[in-house]
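Dear colleague,

Please find the structure we discussed below. My notes on what was found in it follow.

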Amino acid sequence: MAAESNEPKNRYLRYLEVVTGSLEDKRRYRRYKARIKELPPDYRTAAEAMERYLLYLGLTDGADVTMYEDIADLFEQSAADGIPIRGLFGEDPVEFVEAFTANYPAGQWRIRERNRLTDAVKRAAGEEPAGEDRTGR
């Protein structure tokens with residue numbers, strides 16, 4: 001009888017994860033947010049700005065929690081080592097963030113779309129034959 005009482009819960013959890021996404025990923029994301037909250041104020045501000053940039057500009061679809069955990073690791077280590085914010089980001093924060101995200105597959109759709117745009121303009125300008133592979137895959 002105990003197995004029967006667990007079955008609806010398992011079915012419910014499976015349905016919930018289909019609708020809302022992985023519950024484990026949500027737990028990991030909450031742990032990431034707690035880690036960021038514990039950073040010194042200037043590091044916390046920079047980490048939150050980086051996260052905001054990633055989310056608003058669509059550099060990630062939010063599914064790759066590993067990237068956020070790596071951001072927390074990066075900022076925690078930088079704070080522990082006393083690396084200044086500008087030393088971490090360099091002169092161009094956008095360049096830093098885009099180079100950082102290039103290591104994660106969640107943002108790779110942007111690369112494909114950039115390639116498609118570039119290829120379409122080349123075709124329109126007569127610089128590329130129409131028969132070539134234009135998918136960027």
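**Salt bridges between helices H2 and H4**

Arg-28 and Glu-69 form a salt bridge, with their closest N and O atoms 2.7 Å apart. Because Arg-28 belongs to helix H2 and Glu-69 to helix H4, this pair ties together parts that are 41 residues apart in sequence. Please bear in mind that the model is a predicted one.

The two partners fall on either side of the 20% cut-off below which a residue counts as buried. Arg-28 is buried, at a relative accessible area of 19%, whereas Glu-69 is partly exposed, at 21%. Both values lie within one percentage point of that cut-off, and I would ask you to read the two labels together with the numbers. Apart from its neighbours within four places in sequence, Arg-28 is in contact with Val-65, Thr-66 and Glu-69.

Arg-35, for its part, takes part in two salt bridges with helix H4. With Asp-73, the N to O distance is 2.3 Å; this pair links distant parts of the chain, since Arg-35 is in helix H2 and Asp-73 in helix H4, 38 residues apart. With Glu-76, the N to O distance is 2.6 Å, and here the pair joins Glu-76 in helix H4 to Arg-35 in helix H2, 41 residues apart. Arg-35 counts as partly exposed, at 25% relative accessibility. Asp-73 is partly exposed, with a relative accessible area of 38%, and Glu-76 is partly exposed as well, with 30%.

A search of the whole structure finds eight salt bridges. Among the residues involved, Glu-24, Arg-27 and Arg-31 are joined into one network by salt bridges that share partners.

**Helix H3 and its buried side**

Helix H3 comprises 16 residues, from 41 to 56. From the first C-alpha to the last, H3 reaches 22 Å, close to the 22 Å expected at 1.5 Å a residue.

Which residues of H3 are buried? They are Tyr-43, Ala-46, Ala-47, Met-50, Glu-51 and Leu-54. These residues cover an arc of only 135° around the axis, which means that they lie on the same side of H3. The spacing has a general background: an α-helix has 3.6 residues a turn, so residues three or four places apart point the same way. On the other side of H3, the exposed residues are Pro-41, Thr-45 and Tyr-56.

What do the buried residues of H3 pack against? Their partners are helix H2 (23-37), helix H4 (65-81), helix H5 (85-89) and helix H6 (93-101).

**The nonpolar core**

The largest nonpolar core has 19 residues. Those with the most contacts inside this core are Met-50, Leu-54, Met-67, Ile-71, Phe-75 and Phe-89. The elements that contribute two or more residues to the core are H2, H3, H4, H5 and H6.

Met-50, one of the buried residues of H3, illustrates how these contacts are made. Not counting residues up to four places away in sequence, Met-50 touches Ile-71, Phe-75, Phe-89, Phe-96, Val-97 and Phe-100. Of these, Ile-71, Phe-75 and Phe-89 are also listed among the residues with the most contacts inside the core.

**In brief**

Helices H2 and H4 are linked through the salt bridges Arg-28 to Glu-69, Arg-35 to Asp-73 and Arg-35 to Glu-76. Helix H3 turns one side, with its buried residues, towards helices H2, H4, H5 and H6, and Met-50 and Leu-54 are among the residues with the most contacts inside the largest nonpolar core.

With kind regards

Notes:
Residues numbered from 1 in each chain as written. Predicted model: local features only at pLDDT ≥ 70, side-chain atom pairs only at ≥ 80, totals over all residues. Heavy atoms only, no water. Helix = DSSP H or I, 4+ residues; strand = E, 2+ residues; numbered from the N terminus. Expected span 1.5 Å × (residues − 1). Buried < 20%, exposed > 50% of the residue type's maximum accessible area, 1.4 Å probe, protein only. Arc of directions from axis to C-beta. Contact = heavy atoms within 4.5 Å. Core = buried A, V, L, I, M, F, W, Y, C linked by side-chain atoms within 4.5 Å. Salt bridge = Lys/Arg side-chain N within 4 Å of Asp/Glu carboxyl O.
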